[in-house]
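Hi,

Here is the structure I promised to pass along. Have a look at it first, and my notes follow underneath.

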Amino acid sequence: MRKNTYSVISVILIIAAILSFSINTYANEKTVKVAVVDYPNYIQMHDDGTVSGFAYEYLEEIRKFTKWNYSYIEMSYPEAVKAVENGKVDILAGCQYTDDSAKRCDFSKRDMGHGGTVLCVLLENNGYAYNDFTSFSGMRIATLKDSVRTQQANVFLKQYGSDVKFIEYDSDIDSKKALESGEVDAILMNDIRCESDLKVIARLSETPLYFMLNKNDPSIKKGIDYAQEQIHLENPYYESDLNNKYYSGILKQTALTESEKKFVFSSEPIKVAVSNDMKPMEYYDKKSGRYKGIVIDTFDLINKYTGLRFEYVERKGIEDTNYEMANNNLQLVASVNDNTYTSNKLDVKFTVPYYSNTVTAVANKKVDNYRDSSCRVVILQGYPSFDSIANDIGYKNVEYASSFEECVEKVNSGKADVTFVLSYSMDRLLKHKYYKNLVTLSLPYADFNFCIGVYKYTDERLVSVLNKALTQISQTSINKIVIENIQNNNDPKTFRDFIAENMVTILFFVSAAILLICIFIFRASVISKRVNEKLREALKKGEAANLAKDSFLSRMSHDMRTPMNAIIGLTYIGKDESTDEKSIEYFSQINKSAVFLLGLINDVLDMSKLESGNMTLHQQPYDINDFITQINSIIKPLCRKKKIEFINTVKGDIDIITDPIRFSQIFLNLLSNAVKFTPEGGKVEFSSEITMEDEKKIGLRFCVKDNGIGIKGSFMPHLYEPFAQENPEIDTHEEGTGLGLSIVKRTVDLMGGKINAESVLEKGTSFEVNLEFEKSDKKIKAASIEVNQDYSILSGKNILICEDHPLNTKIVKKMLEKYNMNVTCVPNGKEGVEIFSKTEKNHFDCILMDIRMPIMDGLKAAEIIRKIKKKGGDKVPIIAVTANAFEEDIQDAINVGMNAHIEKPINPQKMYSTIKEMIIKNNI
C-alpha cells in the first residue's frame, strides 16, 4: 500500500515538474507583436495609442498566464496576414482556419469564438429585406482583396439565384468609404467587423475564429494554447460573455424580412396610449398641441428605422386601456414595466426594454411611517407597476390621479400621505418652493424598465418589427434623447419662484445699479477733466498722480462691474430657466443692453488710461496661430449672421513677443467695424505680410479691407477722435460707442506702430497697421472656451465661494449647481480661511475667490490658504472671480498663488471651462 502511495506521489511530482518547465518556456516577460486591424468593437487603436475591443480584452486575459508584454502595431488585414506569415508579427486575432494558411502560419488549438460571414448595408438603407436573396441580383458588393470569404459567398449566393458583382478593395477602410459614397451597395464581411452604423441583410455562413500565430516562434502557440485552457477552466463561457459585452446590440441590427416590410407598408397609423403628464418621459405640450418627451422621441427613431407611423392618444386607467385595445381602438401602450403584475393587469406582451428609471416614494413630512398600511396613497392611473408597489407594501387606502403633479399636490397639501413618482419627474416637480412639506424616500426593488406594451392579439410581426428597431437604437442615441429632454423640461415656475422670493431685493438692486452706473459715468466724465487738469499741474510730482488715477480707475472698474455682474448673471439664469418665449426674448434684450453698457464702461476706462499715459503693455510670447483662431471664432459668426464673405489669409507659425490682449483688441475693433459697415452679401478681408526680418525682430503689415459703405473724405481727419461719428443714425442703430478707433490708434502708437486708412464712399475702406516685434522661441497656446463642451466631470465636485455680495453669491451658486456641483458660500476671506482649515484634507476641489471683501480680502485669504498644506491648501485651485479686471489686478492675484482670473460680469462658459481645466490639471 505504501509502495503504491509513493508511486502516485512520484508521478504527480514528475507531472508538476514537466508542467513547470513547460510553463516557464513561454511564461516569461517577452515582448509579443500584435497586429491591430482597426475593427471597432473587436480590436482598434485610438488616436492616443490605446487599444480596445473583444480581442484586446482576450489578449489581456491571456497575459495573466503568459506574462507577455504586447507591442501593438496598426495595419490593414491583408498586411497583417502577410506580416504573420513573414514572422514580422506574432499574433493576429479573429482569423478563419484554412489548410493553405496553416502551411505558412500556426493557429491556436482552441477557437476564440465564432464569426459569421454577413452582408451589410448602411443602417438607414431600407431597400433590402432580410435574407431576400432574389432582390440581391445586380448588387455591387465590397470585399477585401484575396479574401477567402469572397469565393464562399459567391457560391452561396448563386445557389439562391443571386447574381452579384464583387469589387475588391485593399483595406476595410476603403470598403467602408465605398459604401458611404454609394460606389457599392453592400459590404461582405466577418460579423466581428460590424459597427453601429451598419445593418445585416443576410447571414451566409458561420465559422470558428482562431489566433493566427508566427510559425517561426513555437513558444507563441504554446503560450496561447496553455492560456486558453486555463481561461476555460475558470470560465467555460468566456468567449460568449465577451461577445455579449461587445456585440449584443450591434449584431441584432438586422433588416426587416419581406413579410415584415409588407406589414409596415400596409399598416395604418398605429394608436399609442401616452400619459398626458409624466415629464420628461411622456406628456402633452399644450403650446404646440403635440405629445413630447423621451418616449415620443424614441418612437420617432422607430419610425425612422422602420417606416411605422404612430398616432398618440391619452392614456387612461387600466380597465379603459384594456377596453380600447379589445375594440381595436388602441394597439400599443407607450411605456410599461416588464413585470408579471403588469402583464396580468394589462392585456399586453412586452418588447425589449429601451430605457430604465427608478421609482421613488414621496411622503408628507408629517407622516411618521410611510410604510404603514393605513397611509392614504395616491398613484398615477393606468400604471400597474405603481399598483404593484402599493400591493407589496400592503397599502389598503389607494386612490388614483390623472397626473404626477396632482399626486404630488395632494401629498403636499395633506390630502394624501404618500405617492410614487419616477426619479426624473420628481426632480422637476420638487424644485418648486411650494413643495416644502415633502420628503423623498427610496424604495427597494423599484426599477422601472421601459418597454412598449403590444396588445396580446396584435399581429406578431408588429412585435418583431418594434424589437428590431429598438435593438438598432444605440445607447448613445437614448442618452442624447434623455439629456435633451431633461434640459428642455426645466419647470418654468423655477425662475418665477426665484423672482418671487427676491422681488423687493432685485427691484431695489436693479434700480440702484442703473442709478449708480449713470452716476459713475457722469462722475467719470467730470473727474476725468479734473484729473487731466491736475495732472498738468502735477507733472513735477511724477508718478504720484498716475498712481492716484490708477487707483481711481481700479475702484471705478470694480464698482461698475459689480452691479453689472448681477444684471448679466440674472439674464443668464432667466434665459436658462424660462420656457416662455416672450420672457426669453426680454432676457435676451436685457442681456444685449447690459453687454453694450459693459463694453461702453470698458472703452471709457481704456480710453482714460490711454489718454493719461497710464496704459502699460504686458509683453509675453505669443503664437500668431492662436491669434488667427481667436479672430476666426469671433468674426466668422458675425459674418455668417449678415451673410458676408470673410477671407482670412493672415500668415501663421510666427512667434512674437507682444501684449496679446492689446494686440488682439486692435484687429477685433477694426474687423468688427468692417462687418458693421458692410451690407449683406459683401466681403471682409484680413491679410498680413512680412515687411522686414532679422535674427531678433520681425515687421508685419496687417490689412483689414471691406467693400462696405465707405467714409467721406471730409470725415477722414476726424477718424480717430473720441466719440466722433460720421453717420450717427447708423452708428446708433449698430450700438457703437464711438471709442473703438480712438483706442486702436492710441494702442498702435503705444506699441510703436503706424496705422493708415483709405476709403472710397460706397466702395469700401481699408486699414493698414504696421507693427514691429521681437521674435520669440516660445509658444503659449490660448485657452479656448467651448460653448458645448462636456462638463460632466464637474458633477459632485465641492466648490468654495468667497464673495461678499449676497446676490452675486446666489447667482454664481445657481450657475454651479446647474452642473450638480456642491457649493459652500462664505461672505469674506476670513471665513473662507476658517472653513477651509476645518474641513478634511482635499475636501474642496476648487475655490472661487473675490478680491475686494470686508474683514479679509481675497489676496490675503489666498496667501494664507496656500500655507495650510496639511489640508491641501498648497494644491487646491484658487480662481479669482472679481470686478478688478486690470492687468495689474490679474498679476496681483497670480503673485499670491491664485491659478486663474475670471472677471466680472461672469461669462458662465468661461467659468465652467476654467474650473474644469483647473480640476483636470490638479488630477482631481
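To start with a small one: how many bridges join β13 to strand β14? Two, and the strands run antiparallel. Before the rest, some housekeeping: this is a predicted model, so local features need pLDDT of at least 70 and side-chain atom pairs count only at pLDDT 80 or more, while totals for chains, interfaces and linings use all residues. Residues are numbered from 1 along each chain as its sequence is written, and side-chain values use heavy atoms, with hydrogens and water left out.

On naming, helices (H or I, at least four residues) and strands (E, at least two) are DSSP runs, numbered from the N terminus. Two strands count as paired if DSSP finds at least two bridges between them.

**Sheets and hairpin**

Back to that opening pair. Strand β14 covers residues 282-285, and M278 has E282 of β14 as its bridge partner. Both strands belong to an open sheet of three, ordered β13-β14-β15 with antiparallel pairing. β13 (277-278) and β15 (290-292) are its edge strands, each pairing on one side only.

Further along, β27 (residues 683-693) and β28 (residues 697-706) run antiparallel and are joined by nine bridges. They form a hairpin with three residues between them, and S687 stands opposite C703 in β28. β28 is also joined to β30 (residues 764-775), again antiparallel, by ten bridges. There, G699 has E772 of β30 as its bridge partner.

Then there is an open sheet of five strands, in the order β32-β31-β33-β34-β35, with parallel pairing. β32 (822-826) and β35 (900-903) stand at the edges with a single partner strand each, so one side of each is left without a neighbour in the sheet. From one strand to the next the twist averages 20 degrees; axes here are lines fitted to C-alpha atoms, for helices over the stretch in contact, and angles run from 0 to 180 degrees between N-to-C directions. Strand β34 (residues 878-882) pairs with β35 in the parallel sense over four bridges, and V881 has I902 of β35 as its bridge partner.

Two helices go with this sheet. Helix α25 (residues 806-817) lies across β31 (798-802), β32 and β33 (846-849), at about 165 degrees to β32. Helix α27 (residues 858-865) packs on the sheet too, touching β33 and β34, and its direction makes about 155 degrees with that of β33. Contact, by the way, means heavy atoms within 4.5 Å.

**A helix crossing**

Helices α2 (residues 54-66) and α7 (residues 218-234) have axes that come within 9 Å and cross at roughly 100 degrees. That makes α2 roughly perpendicular to α7 (65 to 115 degrees counts as such; under 35 is roughly parallel, over 145 roughly antiparallel and the rest oblique). On the α2 side the contact is made by Y58, E61, I62, F65 and T66; on the α7 side by G223, I224, Y226, A227, Q228, Q230, I231, H232 and E234. Those residues divide into seven nonpolar, five polar and two charged. The classes are: Ala, Val, Leu, Ile, Met, Phe, Trp, Tyr, Cys and Pro nonpolar, Asp, Glu, Lys and Arg charged, and the others, Gly among them, polar.

**Salt bridges**

I took a salt bridge as a side-chain nitrogen of Lys or Arg within 4 Å of a carboxyl oxygen of Asp or Glu. The count comes to 24. One of them joins D217 and K30, with the closest N and O atoms 2.7 Å apart. This pair links distant parts of the chain, 187 residues apart: D217 is in the loop between β11 (198-213) and α7, and K30 in the loop between α1 (2-26) and β1 (31-36).

E180 and K176 form another, at 3.9 Å between the closest N and O atoms. Both lie in helix α6 (residues 172-181), four residues apart, about one turn of the helix. E180 is partly exposed at 47% relative accessible area, whereas K176 counts as buried at 12% (buried is under 20%, exposed over 50%, partly exposed in between, with a 1.4 Å probe and protein chains only).

E406 and K410 of helix α14 (residues 404-413) are also four residues apart, and their side chains meet at 4.0 Å, N to O. E406 is partly exposed, at 30%. Finally, E85, D100 and R104 are linked in a network of salt bridges.

Cheers
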